[in-house]
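Student: Got a minute for a two-chain model? I'd like to go through the contacts between the chains, then one residue.
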Amino acid sequence: MDTANTDVIKGTLDLLILKTLQLEPMHGFGIARRVEQISRGVFKVNPGSLLTALRRLERAGWLDAAWSDTPNARRAKFYRLTRAGRRQLELETADWRRRSAAVARLLKAEG
Amino acid sequence: MSPWRQLTRGLRALARRRTADQEVADEVQDYFEQSVAAHRARGLSPAEAQRAVQRECGSPDAAREQVRAYGWENAVESTAGDLRFAARQLRRNPGFALTSVLVLGLGVGVGTAMFSVLDAVLLRPLPYSHPEQLASLSFPITPGDIGGSVSGPDARDWQRRSRSFSQIAYCGPNLGILQIGGEALTVENDGCSGNLFSTLGVEPALGRGLLPSDQASKAKVAVLSDALWRGDFQGRDVLGRTAKLNGVDYMIVGVMPAGFSFPYGATGIWTPYAPPPGEDQRGDLMLGAIGRLRPGVSPARAQAELSAVQATIAREHASDHLADSAVVRDYRDSLVGKVRPALEALAGAVALVWLIACVAVAGLLLTRLAARRRELAVRTALGASRSRLARQLLAESLLLGGLASVAGLGLAAAALALLRRFLVSRLPFGMTVALSTPVLLGLVGLTLASVVLVGLAPALLAARAPAQEGLAGGAATPGANQSRLRESLVVAEIALALVLLASAGLLLRTLYALRQVPLGFATQHLVIAQLQFPPGRFDHQDMARSFDRPLLARLDALPGVEVATITSVVPLERGNTMTGSFEFVGRSVPNDQCPQGDLRITGPDYPAVFGIAVERGRFFDARLDTPTSPKVMVVNHTFAARYFPGQNPIGQQIAFGKKKFATIIGVLADAHESAIAAPPHPVMHFDLAQMAPSDDFYPLATSFASLAVRSRGPSAGVEASIRAALHAVAPDIAPRHMVPMRQVVADAMGSQTLAAQLLGMFALAALVIAVVGLYGLLAYAVAQRTREMGVRMALGAERRDIVRLVLGRAAWLLGLGLALGLAAALASARLLAAYLYRVPARDPLTLVAVALLLAAAGLWAAYLPARHAARVSLVEALRAE
């Protein structure tokens with residue numbers, strides 16, 4: 001197969017969103033673009049899934065959302081990490097490190 | 001997670017759906033616009049940018065739907081939508097809705113009432129600690145014996161010698177008179193062993209309970225029930241105060257918690273068991289014993305052990321002729337064992353009624369589904385998912401179930417009022433039967449079960465049916481098995497309805513016959529007050545002189561009172577009946593013909609108060625009959641006819657023991673005094689005015705009596721006057737009950753009235769269910785066979801033939817059901833025989849009448865679909881394909 005799998009791995013979308021919002025509040029499209037840029041196009045985000053995930057994270061209390069103006073004078077819904085969200089990010093980061101390290105060790109061993 | 005946020009945001013979205021939707025739409029639109037702008041910034045033309053975004057992100061509509069579908073509020077909303085749709089469907093079809101709700105409501109309501117009884121009697125734990133360890137201890141019950149009673153020495157020996165019980169307590173239930181302020185009040189006063197409360201494992205709410213030391217030292221201490229404390233003592237600080245009980249001062253040392261009762265009702269006062277001197281012998285079987293089994297000991301093992309102990313006791317006291325074994329029963333079983341089989345049978349019948357009600361409604365739903373095939377098929381073709389259709393049909397059943405549970409609640413309340421009266425007279429203590437929380441939960445559970453039972457089959461059918469078939473309108477004929485099953489159910493419903501209708505009819509005829517019996521006494525404007533005297537109250541003063549005469553004089557002087565009297569037992573009063581045997585003076589009677597009569601001790605004016613004629617001689621007269629004049633008696637007609645046939649009974653003498661005799665001075669006309677349905681017993685009245693403390697019958701006269709007062713008009717204010725007169729003459733004597741004489745008569749018909757009402761209710765339910773079941777079945781068949789009808793008409797069949805076709809089927813089913821029902825009614829007739837009076841259990845008139853009623857109702861139910869079938873126009877029927 002020559003087309004690399006660019007769908008966001010199931011279950012990592014939350015982590016990517018939280019990580020992206022760690023630096024500054026952002027709107028939905030901004031988050032998608034940032035995820036694509038930083039992953040050099042490995043991850044592509046579908047707007048339906050992204051906005052649903054944002055809604056879910058907001059309900060969970062990890063994000064706060066508010067409409068405000070963008071730098072180029074548009075109104076957009078901005079998402080901001082809450083304190084609970086930061087804690088969740090730490091948890092998920094640690095969890096991800098542990099799992100990816102385990103997978104890496106496994107691959108090396110199979111060599 | 002933040003459940004609070006989930007809840008509030010969801011609710012906000014529900015409350016302002018449009019705003020919430022708009023916000024999602026705005027956000028999605030913003031996303032796509034920014035996406036396009038970003039592509040344009042990289043140098044693409046507007047059209048190219050649009051295409052690129054479409055390739056990467058899909059359609060904005062799909063994204064919007066995906067985001068909107070998130071959140072629990074969506075499930076609520078679609079369910080609400082389904083329910084609204086279902087409500088519209090039901091409103092469009094009010095006949096169907098009403099019938100289904102009625103039938104389901106009958107099933108659910110009757111079931112709920114039954115469940116609340118089972119809950120109170122068999123399921124709810126008794127108000128004691130570890131009630132499963134408690135057992136009642138008694139001697140073997142011989143036939144004809146009330147049973148259950150032991151003596152103090154027995155119970156104490158058992159406690160000392162038995163190994164199976166950690167404790168054995170005993171209690172002598174009795175009535176006492178409590179004086180609070182100036183008022184006298186009849187209460188349950190139980191004299192109990194000092195270890196009773198510790199055996200039951202219940203701590204008092206206030207103060208202390210009774211202690212073994214109280215019993216040993218014969219302390220005059222008392223513990224109040226919560227109801228007595230809150231009610232008659234108004235929750236005052238009572239600890240350490242004295243209460244006058246049976247004329248003796250007791251110190252109140254404790255109050256039991258709410259809900260505690262032992263052994264009977266909840267309004268009691270407990271005092272240490274203190275028998276009168278010489279009355280605590282082995283022969284005095286007057287106490288109930290209860291023991292706490294040691295952990296792991298079963299009642300059966302305890303019984304074996306206790307029987308061995310009792311055998312030893314019986315040998316040691318051979319002269320007392322004691323039983324040589326004992327019976328140990330689970331305590332709850334000993335209380336409710338007698339009603340358990342009846343309740344379980346009733347519960348079975350009720351479950352059956354519920355089940356056939358559900359089946360009948362399921363049949364109706366299937367019929368309606370058949371009529372809606374095309375609609376459902378169109379909606380499937382337009383893209384409605386099958387699960388969505390099934391959900392909608394279930395929503396309809398849910399709505400029906402909800403309405404039915406409301407109807408059922410009303411029915412359950414009515415049925416409970418009946419059942420409560422039935423149980424109060426049959427249960428040994430005040431188990432409260434009421435619509436409680438577990439019962440309401442039971443109602444909800446039953447409703448949901450009904451919904452599933454009723455709605456599942458149609459929902460599954462709708463989900464499975466292929467769209468093409470429905471669109472083609474082809475009547476997919478139901479499988480032969482399915483229709484055979486439904487037909488047998490309908491036949492069973494008809495048979496059951498016939499049995500119940502026949503039973504209800506027989507009981508109605510019995511009630512009618514009972515009402516026609518001339519009672520022989522008048523009940524109008526007559527009030528009965530049962531009196532309770534403190535033990536020993538009249539031991540040292542002449543009752544007639546100090547109580548009876550002043551009280552009657554005071555009552556007679558009241559303007560509203562016509563005449564009043566006192567008698568030991570009023571006609572048709574239950575309990576308290578005393579039978580005496582006697583000999584004739586100067587006449588020897590063969591041994592096998594031991595003469596007996598019902599014993600009454602009666603004041604003057606008895607014939608006037610009860611409207612009973614004096615046939616011969618005279619009744620008692622205060623001027624002629626005094627304690628010092630010769631003893632006299634008055635008998636009834638039956639007595640005179642049986643023992644002095646063809647002779648004049650006046651002047652004859654009757655002996656009770658040696659040298660004690662009375663002379664008959666009068667004969668009263670017969671009245672139905674012992675039972676409405678039985679011929680009168682021989683009755684002997686002795687004169688209350690002649691009762692001196694030395695008299696043999698004096699203890700009888702001074703333990704209980706009833707005051708009978710005939711007022712001049714409707715007896716509205718009479719009860720207050722009786723209380724006032726009683727209070728003035730003897731403030732320490734309380735009336736136990738005050739009831740109109742009519743009520744006494746009605747209570748004597750109580751078991752027949754209740755059985756008639758219960759069976760009537762069931763019969764009505766069964767009739768409605770059978771009719772609905774038959775209608776549903778035929779209507780379904782007609783809906784399925786529309787084309788066949790059309791073809792028949794096209795081939796020249798008359799409308800008459802079509803009607804005959806449908807009615808023929810109905811007649812066959814009805815005939816089969818009626819035949820089976822008649823057979824069952826004849827077979828089960830014996831069960832009812834004990835309740836019937838002047839009606840044979842296999843009364844042909846009743847059977848024919850109810851069969852005709854059922855047949856008429858069934859044919860009416862069949863006529864509706866038949867008429868519908870005949871009205872189908874030829875064109876319509878053939879185009880239906």
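Tutor: Sure. One term to begin with: buried area is the accessible area, with a 1.4 Å probe, that two parts lose on being put together, summed over both. And keep in mind that this is a predicted model.

Student: OK. How much area do chain A and chain B bury between them?
Tutor: About 2500 Å². Carbon and sulfur atoms hold 54% of it.

Student: Which three residues supply the most of chain A's share?
Tutor: F29(A), R55(A) and R59(A). Together they supply 32% of the area that chain A buries against chain B.

Student: And how many residues are in contact?
Tutor: 28 of chain A, with 27 of chain B.

Student: How many salt bridges across the interface?
Tutor: The rule finds five. One of them links D64(A) to R5(B), with the closest N and O atoms 2.5 Å apart. There are also ten residue pairs in polar contact between the chains, both residues at pLDDT 80 or more.

Student: Which elements of chain A give two or more residues to that side?
Tutor: α2 (28-38), α3 (47-60), β2 (63-69) and β3 (75-81). α3(A) gives the most, with eleven residues. By type, the side of chain A that touches chain B has twelve nonpolar, seven polar and nine charged residues.

Student: New topic. Where is T602(B)?
Tutor: In strand β16 of chain B, residues 596-602.

Student: Buried or exposed, and why is T602(B) classed that way?
Tutor: T602(B) is buried, because its relative accessible area is 0% and the cut-off for buried is under 20%.

Student: What does its side chain pair with?
Tutor: The side chain of T567(B), through a polar contact of 3.3 Å. Leaving out residues up to four places away in sequence, T602(B) also touches others, including F619(B), H685(B) and D687(B).

Notes: Residues numbered from 1 in each chain as written. Chains lettered and ligands numbered in written order. Predicted model: local features only at pLDDT ≥ 70, side-chain atom pairs only at ≥ 80, totals over all residues. Heavy atoms only, no water. Contact = heavy atoms within 4.5 Å. Salt bridge = Lys/Arg side-chain N within 4 Å of Asp/Glu carboxyl O. Polar contact = N/O pair within 3.5 Å; in protein donor to acceptor, adjacent residues only side chain to side chain. Helix = DSSP H or I, 4+ residues; strand = E, 2+ residues; numbered from the N terminus. Nonpolar A, V, L, I, M, F, W, Y, C, P; charged D, E, K, R; others polar. Buried < 20%, exposed > 50% of the residue type's maximum accessible area, 1.4 Å probe, protein only.
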